[in-house]
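Open the model in your viewer and keep the sequence panel beside it. The tour moves from one selection to the next.

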Amino acid sequence: MGTDRGSVVFTPLDPHSRAETVVRRLTDAITFGLLTDAEQLPSEADLAAQFGVSRVTVREALVALRHRNLLETRRGRGGGSFVRAPADTVLRTRLSELSLPNLQDTGDHYVAIAGAAARLAAQRATPDDVQRIEEETTDRGWPVHRVERAFHLEVAAVAQSARLAREEVRFGTELGTLLWSPVLHGDDPGDPHAEHRAITVAISEGDDDRARRLTEEHIEKAVERLINLHLTLVEP
């Protein structure tokens, strides 16, 4: 079951949301790599329809993103709004703005969601499902954040729980931007596929407890790294 990044990024907003929510969603999508460097965004009219807001709201959000150097506007034929990949300083600034209790609570919740999805995937996966998960452990030369996103989304899909899949998408967007950031992994991210392969083996063998435990440990380590970085950023 493939994942459609457009359906994740451009789903309609809560009716009470405004430009700030558009800014946050697009910022997350850009910093997480769902929208790639130099990629052209849909038109203002299309964005307004997809988000369920007015064109004025979209225009305000795009202005804010340009001020953050996450978008650039090109005029003339072939013009429009184009993504600019963020520098590490953008991610560090966003992390420093979070409170430690909120970061810990969000991390705990995500661990629970991902662990539950892995447990159900082990109980429900067919051989074809396992093959799709295994494909996400193949080294395609992707950056760490994209590898993690693809793997956990596929496991959530195999769990066959619409609610868990939606939560995985939500937490992947809310926390994953930071959790799997190059800021944490630097130039030597190690082998992001090794722990995924162990989880996949547990799923293929129907060992739901092991699949859950390995997934929780995998994400807990990333959360711990994120918290340690947060503490260095906010120390007086």
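At roughly what angle do the axes of H8 and H12 cross? They cross at roughly 10 degrees and come within 11 Å. Axes here are lines fitted to C-alpha atoms, for helices over the stretch in contact, with angles from 0 to 180 degrees between N-to-C directions. H8 and H12 are therefore roughly parallel (angles under 35 degrees).

A note before going on. This is a predicted model: local features need pLDDT of at least 70, side-chain atom pairs count only at pLDDT 80 or more, and totals for chains, interfaces and linings use all residues. Residues are numbered from 1 along each chain as its sequence is written, and side-chain values use heavy atoms, without hydrogens and water.

Select the contact (heavy atoms within 4.5 Å). From H8, pick Val-144, Val-147, Glu-148, Phe-151, His-152 and Val-155. From H12, pick Pro-192, His-193, His-196, Ile-199, Thr-200 and Ile-203. These divide into seven nonpolar, four polar and one charged.

Now show H12 alone, residues 192–204. Its end C-alpha atoms are 19 Å apart, which agrees with the 18 Å expected for 13 residues at 1.5 Å a residue. Colour its buried residues (under 20% relative accessible area): Pro-192, His-193, His-196, Ile-199, Thr-200, Ala-202 and Ile-203. Their cover includes helices H6, H7, H8 and H13. Step past H12 to Gly-206, where phi is positive, near 70 degrees.

Last stop: Arg-18, in the loop between H1 and H2. Measure from its C-alpha to that of Ala-61: 8.7 Å in space, 43 residues apart in sequence.

Technical notes
Helices (H or I, at least four residues) and strands (E, at least two) are DSSP runs, numbered from the N terminus. The expected span of a helix is 1.5 Å times one less than its number of residues. Buried means under 20% relative accessible area, exposed over 50%, partly exposed in between (1.4 Å probe, protein chains only). Angles under 35 degrees count as roughly parallel, over 145 as roughly antiparallel, 65 to 115 as roughly perpendicular and the rest as oblique. Ala, Val, Leu, Ile, Met, Phe, Trp, Tyr, Cys and Pro count as nonpolar, Asp, Glu, Lys and Arg as charged, and the others, Gly among them, as polar.
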